[in-house]
Amino acid sequence: MSTNGKATTIKTTFSRETAVNTQIHADASVIWALLTNAAEYPRWNSTVTSLEGKIQLVETIRLKSYLDDKRVFKLKIKEWVANQKLVWGDAMGSRVFTLTDHGDGTVAFSMTEKIGGLMFPLFARFIPPFDESFEKFAADLKKEAEAVMGEK
């Protein structure tokens, strides 16, 4: 798995999966704190224009992305393993955030989103590509987490 911060997308007839991976020089707890503080997302993350709600297991958040600022995505927190894994999504798909602490001051961050289903071919052309957005998300997270570590 490449950790260069470049997104990859795999398309099939019934789904699309986009992933990005990067190395972050920060504690997993710092990265986790950023990923789970909804109110702070628009400050550090250039891909999110607003994020409301609590990022906690079984809660629902309301996210607006710069890709479509008029649409509100209602996403349920599906999985939560502190400092390791966070999953949110809706009936069409899930976004998985994974942190792997190497124990040497670096953490491998990965974000993967798979969307699809039987009806996917009917609306796939209306969904913008995520590659650039994923790359920005990973770069913004890396920049903010490393800045926080620099303040410690």
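Here is a short walk through this predicted model, from its main pocket to its aromatic contacts.

Start with the largest pocket, which has a volume of about 600 Å³. It is lined by 26 residues, and the closest to its centre are R71, F73, E113, I127 and F130. Strands β4, β5, β6, β7 and β8, along with helix α4, each give two or more residues to that lining. The largest share comes from β5, with four residues. If you're wondering about chemistry, the lining has 15 nonpolar, six polar and five charged residues. While you're looking at F130, check out R16 too: R16 lies over the face of the F130 ring, at 4.4 Å from the ring centre.

Now hop over to helix α1, residues 28-35. Six of its eight residues are buried, so α1 is largely enclosed by the rest of the structure. The buried ones are A28, V30, I31, W32, L34 and L35.

W32 is a handy bridge to the aromatics, where the count comes to 11 pairs. W32 pairs edge-to-face with W80, at 5.0 Å centre to centre and with 80 degrees between the planes. This contact links distant parts of the chain, as W32 in α1 and W80 in strand β5 are 48 residues apart. Because its relative accessibility is 7%, under the 20% cut-off, W32 counts as buried, whereas W80, at 29%, counts as partly exposed.

Another pair is F97 with F137: the ring centres are 5.7 Å apart and the planes sit at 35 degrees, so this pair is tilted. F97 in strand β7 and F137 in helix α4 are 40 residues apart. F97 is buried at 0% relative accessible area, and F137 counts as buried at 1%. Both belong to one aromatic cluster with Y41, W44, W88 and F109.

Technical notes
Residues are numbered from 1 along each chain as its sequence is written. This is a predicted model: local features need pLDDT of at least 70, side-chain atom pairs count only at pLDDT 80 or more; totals for chains, interfaces and linings use all residues. Side-chain values use heavy atoms; hydrogens and water are left out. On a 1 Å grid over the protein atoms alone, a cavity is a set of points where a 1.4 Å probe fits but cannot get out, and a pocket is an open set with protein on both sides within 12 Å along at least five of seven lines; lining residues have an atom within 4 Å of a point. Grid points are joined across faces, edges and corners, and a volume is the space filled by probe spheres set on the points. Ala, Val, Leu, Ile, Met, Phe, Trp, Tyr, Cys and Pro count as nonpolar, Asp, Glu, Lys and Arg as charged, and the others, Gly among them, as polar. Buried means under 20% relative accessible area, exposed over 50%, partly exposed in between (1.4 Å probe, protein chains only). Rings of Phe, Tyr and Trp (its six-membered ring) pair if their centres lie within 6.5 Å; planes under 30 degrees apart count as stacked, over 60 as edge-to-face and the rest as tilted. A charge sits over a ring if NZ of Lys or CZ of Arg is within 6 Å of the ring centre and within 35 degrees of the ring normal.
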